[in-house]
Amino acid sequence: MSDTTTTTTRPARGGCRVCGGAVEQFLDLGPQPLSDAFRVPGEPAPEFFFHMDVGACADCSMVQLLEEVPREQMFHQEYPYRSSLSSTMREHFAGNAQHFLDTELTGPDPFMVEIGSNDGVLLETVAEAGVRHLGVDPSGDAAEVARGRGIDVQVSFFEEEVGRGIRERHGPADVIFSANTYSHIAYVPSILRGVNELLTERGIFVFEDPYLGDILEKTSYDQISDEHFYLFSATSVSEMARLHGLELVDVERIAVHGGEVRYTVARAGARTPTPAVAALIAEERECGMHELATLRRFADRVRTSAAELRALLTELREQGKTVVAYGATAKSATVTNFAGIGPDLVDHVVDTTPEKQGRLTPGVHIPVRSPEGFGTDTADYALLFAWNFADEIMAKEQEFHDAGGRWILWTPHVHVV
Ligand code: SAH
Ligand code: TYD
Ligand code: ZN
């Protein structure tokens, strides 16, 4: 790999991207590739790596990466992720959209904007209801899929000027929604100024992202990647909103993607916060969630987890067992590159995304194949990278287990089922 590898140096850090405060590093996940950059075999161009250090802000508590990858390198025309490939997520977002239609989008001519609309998995329900909407997403190919479903999409990065432009053309938005996107964006001050430009007086900005509390509880360090710049909590989101004249008015823990929180933000004073906000902030304070000692204990567990997984795979190889992986998730790049898991330990990884098949996973270069034939082929073990869809995938692949195949899960601890 060395002849095609460029590793960036670790740059000096300018301070917290939210408030400018001092950020203390607590975890070093080493050199990491772009987690969604699946390579064509034989590709001569050097592979981009950055150094993934994680730290916490002493002032606003926000947990964040120390190095930012330029956004155009992560999100572009051919960005391969497609939200609609999971039935769990299709149902989740259809329910979300219906909730907004029933509660917030009931006025005379409501308008909803989604930041990171991808292939239209959520806005489809809004479009079908005949409600004005706009998706904003820089991933052109995914936006084409959404347009094919009758959804209006602007192919761009949402930021301050884009928010202003949308308001000028379409008027203010009653709801701005964003799932698994806002935490990807390092330049949050610009996003929040854009939200401020775009929201109606009583409008809400609702976003769902992996929850720091779940990540610490499950040692799910794959939630940290180039695309997951921030690990949000109620404490840090509340402070981020306050710094921009906004207020966190509701929080709800949700089970999708291994544990997230749905945050609702409104203009300061426009809505009464629910008791859930103060309750979750108090819970975070009581467990010392943002204290460096807590975060350093998490870092110890991450190193142990990676070593245990590597040891198990090495032992299975020595026993002559065949191990494959399931789900070429972006998240798994963090695990494979940190733990040193390549094609010598995992023969290939299966994934339903046509854009990933026939390619190699970032950094460690495990071949990606279609799941066709999985379960009836010769694998003894399947390492479940898409553990956040364990129920959906294990139900679909019951045949694999019935034939004696075993699943390897590495979170909350390394185990075989
Ligand atoms: N909301 C979907 C997609 C998440 S993937 C879901 O939850 O499944 C993240 C998406 O955010 C990608 O499609 C990416 O292109 C998009 N994205 C990244 N930065 C963005 C920005 N600044 N504005 C709008 N979309 C962005
Ligand atoms: P996901 O966990 O949603 O996100 P990320 O890539 O950001 O970590 O990715 C799930 C991956 O697993 C995606 O590439 C599609 C794949 N997948 C399957 O191959 N089969 C399935 O049944 C499901 C649900 C997902
Ligand atoms: Zn800060």
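Me: Helices are DSSP runs of H or I with at least four residues, strands are runs of E with at least two, and both are numbered from the N terminus. With that settled, where does Asn-180 lie?

Reply: Happy to start there, with the reminder that this is a predicted model. Asn-180 has a positive phi of about 50 degrees although it is not a glycine. Its place is the loop between β8 (173-179) and α6 (188-198).

Me: Is Asn-180 buried or exposed?

Reply: The cut-off for buried is under 20% relative accessible area. Asn-180 has a relative accessible area of 19%, so Asn-180 is buried.

Me: Asn-180 also turns up beside a ligand. How many residues surround ligand 1?

Reply: The closest are Ser-83, Asp-137, Ser-139, Phe-158 and Asn-180. By type, the shell around ligand 1 divides into 12 nonpolar, six polar and two charged residues. The number of residues that surround ligand 1 is 20.

Me: What share of the accessible area of ligand 1 does the protein cover?

Reply: Let's look at the polar contacts first. A nitrogen atom of ligand 1 is 2.8 Å from a polar backbone atom of Gly-116, and a backbone N or O atom of Ala-179 lies 2.9 Å from a nitrogen atom of the ligand. On the side-chain front, an N or O atom of Asn-118 is 3.0 Å from an oxygen atom of ligand 1. Of the 580 Å² that ligand 1 has on its own, the protein covers 99%.

Me: Turning to ligand 2, which helix gives the most to the shell around it?

Reply: The shell around ligand 2 holds 19 residues, with Tyr-81, Lys-331, Asp-351, Asn-388 and Lys-396 the closest. Those in the shell divide into seven nonpolar, seven polar and five charged. With three residues, spanning 390-396 as an element, the top contributor is helix α12.

Me: What share of the accessible area of ligand 2 does the protein cover?

Reply: Oxygen atoms of ligand 2 have several polar partners. A polar side-chain atom of Asn-388 lies 2.7 Å from one oxygen atom, while backbone N or O atoms lie at 2.8 Å for Ala-330 and 2.9 Å for Thr-352. Of the 550 Å² that ligand 2 has on its own, the protein covers 95%.

Me: What is the arrangement of the four donor atoms around the zinc ion (ligand 3)?

Reply: The zinc ion (ligand 3) is coordinated at 2.2 to 2.3 Å by the SG atoms of Cys-16, Cys-19, Cys-57 and Cys-60. In sequence these donor residues follow the spacing C-x2-C-x37-C-x2-C. Ideal angles for four tetrahedral donors are 109.5 degrees. Here the four donor atoms subtend angles of 100 to 116 degrees, so the arrangement is tetrahedral.

Me: Is Ser-61 buried or exposed?

Reply: Ser-61 sits in the loop between β3 (47-57) and β4 (63-65), and has a positive phi near 75 degrees. Because its relative accessibility is 15%, Ser-61 counts as buried.

Me: Which residues does a cis peptide bond join?

Reply: Most peptide bonds are trans. Here is a cis case, with omega about 0 degrees. One partner, Pro-412, is in the loop between β17 (406-409) and β18 (415-416). The two residues joined are Thr-411 and Pro-412.

Me: One last pair: what distance separates the C-alpha atoms of Glu-308 and Trp-410?

Reply: Glu-308 is part of helix α10 (residues 292-318) and, at 41% relative accessibility, counts as partly exposed. Along the chain Glu-308 and Trp-410 are 102 residues apart. Their C-alpha atoms are separated by 8.7 Å.

Notes:
Residues are numbered from 1 along each chain as its sequence is written. Chains are lettered from A and ligands numbered from 1 in the order in which they are written. This is a predicted model: local features need pLDDT of at least 70, side-chain atom pairs count only at pLDDT 80 or more; totals for chains, interfaces and linings use all residues. Side-chain values use heavy atoms; hydrogens and water are left out. Buried means under 20% relative accessible area, exposed over 50%, partly exposed in between (1.4 Å probe, protein chains only). Donors are N, O and S atoms within 2.8 Å of the metal (3.2 Å for Na, K and Ca); water is not among the atoms, so sites may look incomplete. Four donors count as tetrahedral if all angles lie between 85 and 135 degrees; four count as square planar and six as octahedral if opposite donors are over 155 degrees apart and all others between 65 and 115; anything else is irregular. A residue is near a molecule or strand if one of its heavy atoms lies within 4 Å of it. A polar contact is a pair of N or O atoms within 3.5 Å; within protein, one must be able to donate a hydrogen and the other to accept it, and residues adjacent in sequence count only if both atoms are side-chain atoms. Accessible areas come from the Shrake-Rupley method with a 1.4 Å probe; for residues, only the protein chains shown count as cover. Ala, Val, Leu, Ile, Met, Phe, Trp, Tyr, Cys and Pro count as nonpolar, Asp, Glu, Lys and Arg as charged, and the others, Gly among them, as polar.
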